[in-house]
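User: I'd like a close look at one helix-helix contact in this model and at whatever connects to it. Keep it relaxed, but walk me through the residues.

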Amino acid sequence: MNGTIIKALSGFYYVSAENSVYECRARGKFRLDGTSPLVGDRVSFALSGNGKGYIEKVHDRKNFFIRPAVANIDALVFIAANTNPVTDPFLIDRVSVIAEEAGCELIVCINKTDIDMANELYDIYTSSGFETYRVSAANGSGIERLRDALRGKICAFTGNSGVGKSSILNAIVPELRLEVGEVSEKLGRGRHTTRHVELFSVGEDTFIADTPGFASFEIEMMQTIDKHELQYDFREFGSCIGRCRFSDCAHLKEPGCAVIEAVNSGAIPLSRYQSYKRLYDLSAQNKFWENK
């Protein structure tokens, strides 16, 4: 049988197939070749006499992440807010680069719009060409539009703690009744409530991964990006690349830089460009690339 791993816990894999979920173990060969099945993997498995199964094969992956341990993500959904806690655009931009590198979409979802509509955040990401939705988990506004945007995809929710990832999941699938952490008014951040990666079925071949807190989200991926390639991970730069005075322009302070001109004219949002410069500096410090 073929199915999708929706949860991994204590050495067991829970595979969704034909409207049922099967508890499976992985064959020993996966340990021998140094691979392990991941949540999100499409797998082939065989059932034993007691109704449980063994994973025989992991199908080719579209992509995979180490932290959180999840594979075949079609879209990273960044949950943001402009009120307790306020999301720093740099966090969104870092995840946008990770999405580009992994070959998946970035969808920006701004929550708590019953309190603050977050007009500046909304304008930044709509003008940059990202699917951007404003929702309120508290009153349900925008939830149906978001559900439609996720249809047929395997998605991973991420974002700084306290912005309402689990609350939005509860709004999309009320029967989940996920634990929701309160946000500290003093600290402006939430308490992590998600302990493991799990895909929740939303129907119509749609799965959503509620991932552990943002602090653990694949930070190491940023350390593998060549500073010279970073420009291609910012979609707004596309029409500017190749039009600068110098062919090796880093788009930092060079004269005749088409990217800087676009920033000055307002064609590229200033916060996105500032994130590019911060990420470029981080990539420039990476010894992996210096030693190539």
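Analyst: Let's start where helix α2 (residues 89-102) meets helix α7 (residues 270-284): their axes come within 9 Å and cross at roughly 65°. With that angle, α2 is roughly perpendicular to α7, since the range for that label runs from 65 to 115 degrees. As for handedness, the crossing of α2 past α7 is right-handed. Bear in mind throughout that this is a predicted model.

Who makes the contact? On the α2 side you have Pro 89, Phe 90, Asp 93, Arg 94, Ser 96 and Val 97, and on the α7 side Ser 271, Arg 272, Ser 275, Arg 278 and Leu 279. Sorted by class, the residues where α2 meets α7 come out as four nonpolar, three polar and four charged.

Now follow a few of those names outward, by way of Tyr 125. Tyr 125 sits in helix α3 (residues 119-127). Its relative accessible area is 0%, so Tyr 125 is buried. Leaving aside residues up to four places away in sequence, Tyr 125 touches Pro 89, Ile 92, Asp 93, Val 108, Phe 130, Thr 132 and Arg 272. Pro 89 and Asp 93 belong to the α2 side of the contact described above, and Arg 272 to the α7 side. Along the chain, Tyr 125 and Arg 272 are 147 residues apart, yet their C-alpha atoms are separated by 9.0 Å.

What about the lead-in to α2? Pro 85 is in the loop between β8 and α2, and the peptide bond from Asn 84 to Pro 85 is cis, with omega near 5°. If you're checking backbone geometry, that one is worth a glance.

On the α7 side, look at helix α6 (residues 258-265), where Ala 258, Val 259, Ile 260, Ala 262 and Val 263 are buried. Part of the cover over those buried α6 residues comes from α7. After α6 comes Gly 266, with a positive phi near 90°.

Back at the other end of β8, there's the loop between β7 (70-71) and β8 (75-81), which holds Asp 74. Asn 72 is in the loop between β7 and β8 too. Phi of Asn 72 is positive, near 60°, and this residue isn't a glycine. Asn 72 counts as buried because its relative accessibility is 1%, and the cut-off for buried is under 20%. Asp 74 is also buried, at a relative accessible area of 17%. Apart from residues up to four places away in sequence, Asp 74 touches Lys 62, Cys 104, Glu 105, Gly 152, Lys 153 and Ile 154.

That last set takes us to another stretch of chain, the loop between α4 and β11 (154-158), where Arg 151 is found. Arg 151 is partly exposed, with 36% relative accessibility. It touches Glu 204 and Thr 206, again not counting residues up to four places away in sequence. Gly 203 is 52 residues from Arg 151 in sequence, but C-alpha to C-alpha the two are 8.2 Å apart. Glu 204 itself lies in the loop between β12 (198-203) and β13 (206-210). Like Asn 72, Glu 204 is a residue other than glycine with a positive phi, and here the value is near 55°. Glu 204 counts as exposed, at 55% relative accessibility.

For a second helix pair to set beside the opening one, take helix α4 (residues 143-150) and helix α5 (residues 165-172), which pack at about 90° with their axes 10 Å apart. α4 and α5 are therefore roughly perpendicular to each other. Ile 143, Leu 146, Arg 147 and Leu 150 from α4 meet Ile 168, Ala 171 and Ile 172 from α5. By class, that contact of α4 with α5 has six nonpolar residues, one charged and no polar.

Zooming out, the chain's secondary structure comes to eight helices and 13 strands. Of its 292 residues, 51% are buried. Take contacts between residues at least 6 apart in sequence, and 63% of them join residues at least 24 apart; the Tyr 125 to Arg 272 touch bridges 147 residues. The chain exposes about 14,400 Å², with carbon and sulfur atoms supplying 48% of that area.

Conventions
Residues numbered from 1 in each chain as written. Predicted model: local features only at pLDDT ≥ 70, side-chain atom pairs only at ≥ 80, totals over all residues. Heavy atoms only, no water. Axes fitted to C-alpha atoms, helices over the stretch in contact; angles between N-to-C directions. Helix = DSSP H or I, 4+ residues; strand = E, 2+ residues; numbered from the N terminus. Parallel < 35°, antiparallel > 145°, perpendicular 65-115°, else oblique. Contact = heavy atoms within 4.5 Å. Nonpolar A, V, L, I, M, F, W, Y, C, P; charged D, E, K, R; others polar. Buried < 20%, exposed > 50% of the residue type's maximum accessible area, 1.4 Å probe, protein only. Areas by Shrake-Rupley, 256 points an atom, 1.4 Å probe, with all protein chains shown as cover. Left-handed = near helix turned anticlockwise from the far one by under 90°.
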